Amino acid sequence: MHRIPRGNITFAILAGERALSVDGDLRAARYWFDAAYQDAELSGDPEQLARAALGLSGVWVHEHRTCADWERVRTRQRHALRLLDPRTPLALRLRARQAAEEDYRAGTHDAILRLLDRARDAGDPVALAETLSLAHNCLLGPEHGARRIGLSQELIGQAGLTGRRGDALMGLLLRTVDLFLEASPKAERSLEELQSMLAAKEHRAIGFVVSAIKVMLSIRAGKFEEAETLAAVCAELGDATGDVDATGWYGWQLVAIRWLQGRGAELVPALSEMVHSPTLSALDNSYLASLAAAAADAGDRRTAEGLLARLRGADLPRSSTWMTSMYFMAEAAHLLRDTETAAHVHDALAPFAELPVIAGHGVTCLGSAHHPLGVASLTLGDVDRAVEHLRAAERQNLALHHWPATVLSRHRLGQALALKGGSGDEGPSVAREAAELGMVLPKAANRPDETGGVCRCRRRGLHWLLELDGRSALVGHSVGMGYLATLMANPGQEIPAIDLAAGAETVRSAASSEQPVLDEVARRTYKERLARLESEIDELESMNDLERAATLRMEREWLLAELAAATGIGGRARPFAGTEERARIAVGKAIWRAVDRVAAVDPTIGEELRATVRTGARCCYQPR
């Protein structure tokens, strides 16, 4: 560490305080305060020692995450406090910092609130402003919303007395965060006010939080690519500022993006590493919960069950990530049919049903808390309660302008209504909304007497709606989709490729007869298909889609050859002979091209079809 000339200790203290309060540069502040502490210790100046020790804590609570870092700073602060007159404002500021750090790690707030009362009586504006900010950081649980707003408002007022720009910015930031946490319609107006202050002069630490809120708003808008880009920029800013949350917040943002996209299983490798990171807050269990949900989504039941048992057995503190933990515990329990965890989540989360699930200082938002409550109710088989929660979730998510969460709530609501015997008409529109946002819809709870794993396909005008365990994909009609629909309508049954090409009537005939001939119905179907092929080929060629046109021409040639081969003297039908190979090639290509289209809309359904559809001379859909 660069040693400051002893006569310049005061300069180092002032430089550190400016870095914290004016610039928000946490990295620079730590450098100046560390150097100042070492020199003040040598000089024996207790006041300078205390100011340096106090500054080492930074602007947030719990900035020092590793055990070694925290113990070093705590030891220095205790040493400095012993040398001070306990009646001075500086001693009060140090005691408030120590109380806040201890309270935060214990998930409590009693000690810092007692010192807040003392700070109000002491009459020192700086001591009161700092204690207000510290107390706010220890009250981030969902039950403290009204109290937090009162503290942030009081801090804004105290900033006029301290004259420190950082206090005014911090008060406005905390108020903005509080409004978002309470789903207030005034939140974005407060954010605009804060951004206008930052535009006049940068404050890195607060600017980092503002950049995270922008990521959250982009996620709410369903702009996933933009949100991912902004999240990377936010992480770089946090790292440059020296904020220990830079990595953890980036992780939260990616978890929210991937989960809302329906790509939770992809998170397992990264989350498996992140849960052991020493940079995570001591109170943060959201990474364990999200790993449980991701593992369940990936089919790793053992890992998911172990994590849920660990979380359920712990007394999780109501921190800034507690609701996020509840959200993912509900999702994991639903995938595992874990009714014990679902009941635990519902009981714990129900008092906060009207709040949004937001992590940290507005870092990510997963939508209304009614949504995980609805999912937990579905897991428990309480369909009526699930419908109530999910209807409320849809309304609240619309009010939040959270479009991905709105789609998810509508999807789950459709599942709940289907369990009640509803028509399920919500499916196609929700599938279209999900496709527009680039989302893959999640699995549903099955009826008690219903087995999962069977993909079903229904015609919807010019589209086909495929459904598998609650997931759905809306895909445009094509020849291959027609073949797939026939296979899925006859699970486990082998159907000759030549019959698939001939059409549904021939398939139904083949299903009830082993006679390997083209009867009058089959020949009529072939001719009707030939007429349609002529029209489709012309249309594709006019659109310059030559590849698909070539495939259809191959099918047309095969049908012409089939008719010629199946017609004997006098126009009488005769047995098939040696034409299966052309059918195998044409039908197989059409089916796998259709499967690729399904996978582009929903990779999970696409992979399931790749694993369960067999093509060749005889084709089959065999559910697992």
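Two strands count as paired if DSSP finds at least two bridges between them. The exercises below concern a predicted model.

**Exercise 1. Overall composition**

Task: State how many helices and strands the protein chain has, and what share of its residues is buried.

Solution.
- Step 1. The secondary structure of the protein chain comprises 29 helices and 8 strands.
- Step 2. Of the 624 residues, 55% are buried.
- Step 3. The exposed surface comes to about 26,300 Å², with 51% of it supplied by carbon and sulfur atoms.
- Step 4. Among contacts with a separation of 6 or more, 64% are between residues 24 or more positions apart.

**Exercise 2. The sheet containing strand 8**

Task: Give the strand order of the open sheet that includes strand 8, and identify its edge strands.

Solution.
- Step 1. The sheet is open, has 3 strands in the order 6-8-7, and pairs them antiparallel.
- Step 2. Strand 6 (495-496) and strand 7 (613-614) each pair on one side only, so they are the edge strands by the pairing rule of at least two bridges.
- Step 3. Strand 6 is joined to strand 8 (residues 618-621) by 2 bridges, and the two run antiparallel.
- Step 4. In this pairing, I495 lies opposite C619 of strand 8.
- Step 5. Helix 23 (residues 479-489) packs on this sheet and touches strand 6, strand 7 and strand 8. The direction of helix 23 makes about 65° with that of strand 8.

**Exercise 3. The sheet containing strand 4**

Task: Describe the pairing in the open sheet that includes strand 4, then state what angle helix 23 makes with that strand.

Solution.
- Step 1. This open sheet has 3 strands, ordered 3-4-5, with antiparallel pairing.
- Step 2. Its edge strands are strand 3 (456-460) and strand 5 (471-476), each pairing on one side only.
- Step 3. Ignoring direction, neighbouring strands are turned against each other by 20° on average.
- Step 4. Over 5 bridges, strand 3 pairs antiparallel with strand 4 (residues 463-468). C457 has L466 in strand 4 as its bridge partner.
- Step 5. Helix 23 packs on this sheet, touching strand 3, strand 4 and strand 5. The angle between the directions of helix 23 and strand 4 is about 40°.

**Exercise 4. Cysteines**

Task: Determine how many disulfides the model contains, and whether C455 is buried or exposed.

Solution.
- Step 1. A disulfide is a covalent bond between the sulfur atoms of two cysteines.
- Step 2. The cut-off is a pair of cysteine sulfur atoms within 2.5 Å. By this rule the count is 0 disulfides.
- Step 3. C455 is in no disulfide, and the nearest cysteine sulfur, that of C457, is 7.0 Å away.
- Step 4. Buried means under 20% relative accessible area. C455 has 1% relative accessibility and therefore counts as buried.
- Step 5. C365 is also buried, with a relative accessible area of 0%.

**Exercise 5. Two buried helix residues**

Task: For T176 and A293, name the helix of each residue and list the contacts beyond four places in sequence.

Solution.
- Step 1. T176 is placed in helix 9 (residues 165-181) and is buried, at a relative accessible area of 0%.
- Step 2. Beyond its neighbours within four places in sequence, T176 is in contact with A187, S190, L191 and L194. With S190 there is a polar contact between the side chains (2.7 Å).
- Step 3. A293 belongs to helix 15 (residues 286-297) and is buried, with a relative accessible area of 0%.
- Step 4. With neighbours within four places left aside, A293 is in contact with W259, F328, E331, A332 and L335.
- Step 5. A293 and L307 are 14 residues apart along the chain, and their C-alpha atoms are separated by 9.3 Å.

Notes. Residues numbered from 1 in each chain as written. Predicted model: local features only at pLDDT ≥ 70, side-chain atom pairs only at ≥ 80, totals over all residues. Heavy atoms only, no water. Contact = heavy atoms within 4.5 Å. Axes fitted to C-alpha atoms, helices over the stretch in contact; angles between N-to-C directions. Buried < 20%, exposed > 50% of the residue type's maximum accessible area, 1.4 Å probe, protein only. Areas by Shrake-Rupley, 256 points an atom, 1.4 Å probe, with all protein chains shown as cover. Polar contact = N/O pair within 3.5 Å; in protein donor to acceptor, adjacent residues only side chain to side chain.
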